[in-house]
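Me: Could you take a close look at one helix of this predicted model for me, side chains included, and then show me how its surroundings connect to the rest of the fold? I work at the bench, so plain words would help.

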Amino acid sequence: MIKEDKTYPPSYSALLWKQFRKSKAALWSLRMVYLILLIALFADVLASDKPIYCKYEGKTYFPVFHEYLVKTGLANSQQIAWKKIKPETALWPPVRYSPQEIDLANAQFAAPGGTQNISSPKYKHYLGTDALGKDVLSGMIHGTRIALAVGIFSMLIASFIGILAGGLSGFYGDDGIKISRASLYTGILFLFIAFFYGFQCRAFEIEDAMDESFGAMSIQLFISSMLFFAILIFGYFIAKPLKKLKFLAVKVTLPIDIIISRFVEVFTSIPKLFLIFSLIIMIKPSLYLIIVVIGLLSWTEIARFIRAEMLRIRKMEYIESATALGLPKWRIVLRHALPNALPPVLITISFGIAAAILTE
């Protein structure tokens, strides 16, 4: 009796991981990235002026974890001076200083190995203080979170715009998209209307949410995005009856490659730092504003790489086969072309994260 062979070849991701593990330098680099991510996620557990666990007047508190909820807008701040009270039991972070806390008794660059004016060795400044008396180690730990947040989130914005623009430009070219005049005219008109009512009219709500918390800002951006897409969908339905008119029903070629290439040239010519400085002068400075600005100005290199890869991939045999089978173009792009165009771009994204951190 012949036994059925149920062994399957390894997946593409398994092959990549196997090749990656052969390099010890790459493995140790990945472990360092994991360590930095852990430091950023648990910065308040490592350095804070609040205890991790505290029992006071018969009640149990978790001030550090409560602070995470405060920063996301899910809870109100606890107005308790934790260092001045005498709790029954308490578990403190290794560094008992927040990055903004000023120790006047150890101002003017207290040295790590020098004499420090502290009440207990538990309050030692392990890497000393700066000119104002802020703990250097606490600032470095919490600075890791800010640096990673700017680098990762700004490149997420840049990657989304760059991959979308570069993919459309490279795959469709100047003659791959044909739409009716009704869809073209209503699309352009409702695009401006959607941006105006979705973001411009709600600029004050979004700006106030930025000052409040990350959670409040996310909710306001979600509302604006939903309003933006709702207006675009409404414009799509408006265009349908207009297609019955002979003039508006005529299909025209949309030169998407030329349009996106010109946008890339315009954005490339804008100096990032000068634009950030100009916005800070006009608008109240915010970390979220810097993330958005860096993201909106960093997508051009990604778009160029994706476009170049798409120009190569769209001539491959498997793309021609998928087209001959009658598959929709959007499915060919998402399932076949784009996954094979991404690997070279990931290198650009990784360098972009470092560049975004330096810009911030």
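Reply: Happy to. One cut-off is needed before we start: a residue is called buried when its relative accessible area is under 20%, exposed when the value is over 50%, and partly exposed in between. Keep in mind too that this is a predicted model.

Let's look at helix α8, residues 214-242. Its 29 residues should span 42 Å at 1.5 Å a residue, and the end C-alpha atoms lie 43 Å apart, so the two values agree. Which residues of α8 are buried? They are Gly-215, Ala-216, Met-217, Gln-220, Ser-224, Phe-228, Ile-231, Gly-235 and Ala-239. When you follow them along the helix, a general point is useful: with 3.6 residues a turn, residues three or four places apart in an α-helix point the same way. The cover over the buried residues of α8 includes α4 (63-71), α6 (181-200), α7 (203-212) and α12 (287-297).

Now zoom in on two neighbouring phenylalanines. Phe-228 has a relative accessible area of 15%, which is under 20%, and therefore counts as buried. Phe-229 comes out at 47%, so this residue is partly exposed, below the 50% needed to be exposed. The rings of Phe-228 and Phe-229 pair edge-to-face, with 5.5 Å from centre to centre and 85 degrees between the planes. They do not stand alone: ring pairs link Phe-228 and Phe-229 with Phe-195 and Phe-199 into a cluster. In total the structure holds 12 aromatic pairs. Another of these is the tilted pair of Tyr-53 and Phe-62, 5.6 Å between centres with planes 50 degrees apart. There, Tyr-53 is partly exposed at 29%, and Phe-62 is partly exposed as well, at 46%.

Moving outward from α8, we come to the nonpolar cores. The largest has 25 residues, and Phe-171, Ile-302, Ile-306 and Met-310 have the most contacts inside it. Helices α5 (136-172), α10 (256-268), α13 (300-313), α14 (317-324) and α15 (329-359) each give at least two residues to this core. Its largest share, 7 residues, is supplied by α15. Apart from this core lies another one, of 10 residues, including Val-150, Leu-279, Ile-290 and Ile-291. Back in the largest core, Met-310 has contacts beyond its neighbours within four places in sequence: Gly-166, Gly-167, Gly-170, Phe-171, Val-333, Ala-337 and Leu-338.

Helix α5 deserves a closer look of its own. Its 37 residues reach 52 Å from first to last C-alpha, close to the 54 Å expected. At the N-terminal end, Asp-135 acts as a cap, with a side-chain oxygen 3.2 Å from the backbone nitrogen of Leu-137. After α5 comes Gly-173, with a positive phi near 65 degrees.

One last stop is Asp-44, in helix α3 (residues 43-46). This aspartate is buried, because its relative accessible area is 5%. Its side chain makes a polar contact of 3.3 Å with that of Arg-145. Leaving out residues up to four places away in sequence, Asp-44 also touches Val-64, Tyr-68, Lys-71, Pro-93 and His-142.

Note on methods. Residues numbered from 1 in each chain as written. Predicted model: local features only at pLDDT ≥ 70, side-chain atom pairs only at ≥ 80, totals over all residues. Heavy atoms only, no water. Core = buried A, V, L, I, M, F, W, Y, C linked by side-chain atoms within 4.5 Å. Buried < 20%, exposed > 50% of the residue type's maximum accessible area, 1.4 Å probe, protein only. Helix = DSSP H or I, 4+ residues; strand = E, 2+ residues; numbered from the N terminus. Contact = heavy atoms within 4.5 Å. Expected span 1.5 Å × (residues − 1). Polar contact = N/O pair within 3.5 Å; in protein donor to acceptor, adjacent residues only side chain to side chain. Phe/Tyr/Trp six-rings, centres within 6.5 Å; stacked < 30°, edge-to-face > 60°.
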